[in-house]
Structure formats: C-alpha cells, structure tokens
Amino acid sequence: MARIKPQALLQQSKKKKGPSRISVATTVIYGIVVVGMVLFIFATCRYWSKRSKLHMEDTLSAVEHDNSFGDSRDTKKVDIPRYAVISTSKGSITVELYKEGSSPEVVEKFVNSCLKGRFKGMFFNRVIKNFVIQGGDDDSVGTTEDWTSKGKHYSQLDTSLKHEAFMLGTSKTKRDGGRFDLLITTAPIPDLNEKVNVFGRVIKGEDVVQEIEEVDTDEHYRPKTPIAIIEVTLKRKI
C-alpha cells in the first residue's frame with residue numbers, strides 16, 4: 001500500500017474540517033427574501049392601520065349625523081342646515097331657512113320631514129295668483145276658501161305690508177300623522193302670521209315660483225296640470 005505524505009494528509013484534513021463558502025447568488029436570494037418579508041409585514045400593518053382609521057371616522061361621522069338631527073326637544077344641540085333646495089317638475093327653488101327665527105321648532109319639523117322623505121311626490125294642490133302657491137297632501141277645499149277671499153282683497157292693496165313675496169312658510173293648522181305643507185308667497189301679504197308660520201325665504205328660483213303661479217287652475221285653485229315636488233335637499237352651503 002502506498003503511503004500518503006504528511007503534507008497531502010494535512011491539506012486533505014483542512015478541506016474536510018474547514019467551513020464551506022456561501023455563494024454570492026445565495027446571499028442575494030436570501031437578501032431578497034428578507035426584504036420581501038419586511039415589505040410584506042409593513043404593508044400588512046399599514047393596511048390594517050388605515051382600515052381601523054377609516055372605521056373610526058365612519059363611526060364618528062355617524063355619531064355627528066345623529067347629533068345634528070337628533071331629538072327636536074333639545075333645540076340647542078340640533079344642527080340645522082342653512083339652505084334647502086326644493087326640486088319641482090318646473091325647476092329648482094333654493095330657500096334660506098330662518099334657523100334663529102321666531103319658530104325654530106317649525107324649522108326642525110321641516111328638516112325632519114325632509115330627512116324622512118315626506119315631500120317626495122307631494123303636489124302643489126293650491127295656486128292662488130298674487131297670493132301663494134301651496135304644496136301638501138290635504139286636498140280639502142275648505143282649507144283655502146278663507147284664503148281666497150283674503151287673497152283677492154290683498155292683491156288690490158298697495159300700502160306698506162308686513163311680509164314680502166317669496167317667503168317660505170307652513171300653515172298653522174294642526175295636521176295628523178306629522179304632515180307638513182309648504183307655502184311660498186307670490187306677493188306681499190299683510191298679517192300673514194294669523195295663518196302661516198314663516199320660516200324661510202326664496203333666494204334663487206323666483207322664476208320657477210312665478211311659472212308655477214301662472215298655471216291654469218280650476219274653480220278651487222287646484223292646478224289642472226299636476227306640479228310635483230320631486231325632492232327637498234338640505235344644504236349647509238350653496
């Protein structure tokens with residue numbers, strides 16, 4: 001048997017015991033994997049953090065909305081919008097609400113009626129030229145007979161009057177089921193407070209009011225062609 005030289009035996013022993021070298025390619029692959037894991041963890045944390053923030057904002061928004069149009073018994077906490085846009089089959093009428101007027105409870109009732117969609121599909125059931133246009137669901141003739149005689153008298157007056165044209169109001173007559181009618185004056189009317197709670201004024205769409213005023217009516221001042229309120233939208237700014 002051939003003898004192995006001591007020098008060759010030493011080199012062979014070093015090859016067996018010495019640590020193996022890691023290739024550059026393997027290092028790069030490990031680095032990419034680590035970076036990918038770090039980016040994945042970061043993206044996951046950011047996603048859940050953002051989702052949690054959006055959920056919190058939605059919750060706060062819902063709470064603020066409930067507080068804005070909450071219990072009408074606490075008038076100081078109700079956040080009444082400043083404007084309302086009445087969309088009709090003849091066009092849009094923008095009104096400014098008297099939030100700090102003499103009848104804040106009427107404004108709140110109007111706002112609650114808007115939120116419940118009670119004006120959608122409501123018709124203008126009375127149109128008295130040089131007096132008012134009225135939208136409501138009460139079609140009884142007797143409710144406006146007294147108004148008619150006064151309207152004819154008022155249209156002939158030229159003295160200084162209490163109320164201007166294009167005022168928004170509702171009749172003081174108590175209605176069952178939370179019903180709420182809308183009135184817009186088309187001429188100055190004195191002593192309007194006897195019959196109507198005024199809670200706003202038209203600031204845009206006077207031409208639409210006048211167009212409705214000019215429609216043909218029957219002997220009871222009901223429009224021959226239906227004129228509907230499509231919806232009423234509340235706005236804080238216009």
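Start by selecting E211 and K90: they form a salt bridge, with the closest N and O atoms 3.9 Å apart. This is a predicted model, so treat everything on this tour as computed from a prediction. E211 sits in helix α5 and K90 in the loop between β1 and β2, so you're looking at a link between parts of the chain 121 residues apart. Colour the two by accessibility and you'll find E211 partly exposed, at a relative accessible area of 40%, while K90 is partly exposed at 34%.

**More salt bridges**

How many salt bridges does a search of the whole structure find? It finds 5. For another one, select E214 and K129, whose closest N and O atoms are 3.3 Å apart. E214 belongs to the loop between α5 and β8, and K129 to the loop between β3 and β4; the two are distant along the chain, 85 residues apart. Relative accessibility is 47% for E214, which counts as partly exposed. K129 also counts as partly exposed, at 47%.

Now go to E96 and R82. Their salt bridge has its closest N and O atoms 3.3 Å apart. E96 is in strand β2 and R82 is in the loop between α2 and β1, so this pair ties together parts that are 14 residues apart in sequence. Is E96 buried or exposed? It's buried, with a relative accessible area of 14%, whereas R82 is partly exposed, at 39%. Add R201 to your selection too: R82, E96 and R201 are linked in a network of salt bridges.

**Step back to the whole chain**

Switch to a cartoon view. The protein chain has 5 helices and 8 strands. Follow them from the N terminus and the order reads α-α-β-β-α-β-β-α-β-β-β-α-β. Of the 238 residues, 33% are buried. Among contacts with a separation of 6 or more, 69% are between residues 24 or more positions apart. Turn on the surface and you have about 16,100 Å² exposed, with carbon and sulfur atoms supplying 55% of that.

**Into the core**

Hide the surface again. In soluble globular proteins, nonpolar side chains tend to be buried together. Here, the largest nonpolar core holds 31 residues, and I93, F110, F119, L182 and F199 are the ones that touch the most other members. Several elements give two or more residues to this core: β1 (83–88), β2 (91–97), α3 (104–115), β3 (122–128), β6 (182–185), β7 (196–204), α5 (206–213) and β8 (228–235). Which of them gives the most? That's α3, with 5 residues.

Centre on I93 and show what surrounds it. Leaving out residues up to four places away in sequence, I93 touches A84, V85, I86, T88, I184, V202, K204, G205, V208, V209 and I212. There's another core apart from this one, with 9 residues; select I128, L192, V196 and V198 to see some of its members.

**Ring hunting**

Next, show the aromatic side chains. The whole structure has 5 aromatic pairs. Pick F110 and F180: their ring centres are 6.0 Å apart and their planes meet at 50 degrees, so the pair is tilted. F110 lies in helix α3 and F180 in the loop between β5 (167–171) and β6, so the pair ties together parts 70 residues apart in sequence. Both F110 and F180 are buried.

Keep F180 selected and swap in F119. This pair is edge-to-face, 5.9 Å centre to centre with 85 degrees between the planes. Here F119 comes from the loop between α3 and β3 and F180 from the loop between β5 and β6, 61 residues apart. Both F119 and F180 are buried. Bring in F199 and you have the full group: F110, F119, F180 and F199 form one aromatic cluster.

**Last stops: two backbone angles and a patch**

Select N130, in the loop between β3 and β4 (132–136). Its phi is near 60 degrees, a positive value in a residue other than glycine. N130 is partly exposed, with a relative accessible area of 39%. Then jump to Y221, in the loop between α5 and β8, where phi is near 65 degrees, again positive in a residue other than glycine.

Finish on the outside with I29, Y30, V33 and M37, which make a nonpolar surface patch of about 420 Å². To place it, find M37 in helix α2 (residues 24–68).

Terms used:
Residues are numbered from 1 along each chain as its sequence is written. This is a predicted model: local features need pLDDT of at least 70, side-chain atom pairs count only at pLDDT 80 or more; totals for chains, interfaces and linings use all residues. Side-chain values use heavy atoms; hydrogens and water are left out. Patches are made of residues with over 30% relative accessible area and no salt bridge: like charges are joined within 9 Å, nonpolar side chains (Val, Leu, Ile, Met, Phe, Trp, Tyr) within 5 Å. Accessible areas come from the Shrake-Rupley method with a 1.4 Å probe; for residues, only the protein chains shown count as cover. A salt bridge is a side-chain nitrogen of Lys or Arg within 4 Å of a carboxyl oxygen of Asp or Glu. Helices (H or I, at least four residues) and strands (E, at least two) are DSSP runs, numbered from the N terminus. A nonpolar core is a set of buried Ala, Val, Leu, Ile, Met, Phe, Trp, Tyr and Cys residues joined through side-chain atoms within 4.5 Å. Buried means under 20% relative accessible area, exposed over 50%, partly exposed in between (1.4 Å probe, protein chains only). Contact means heavy atoms within 4.5 Å. Rings of Phe, Tyr and Trp (its six-membered ring) pair if their centres lie within 6.5 Å; planes under 30 degrees apart count as stacked, over 60 as edge-to-face and the rest as tilted.
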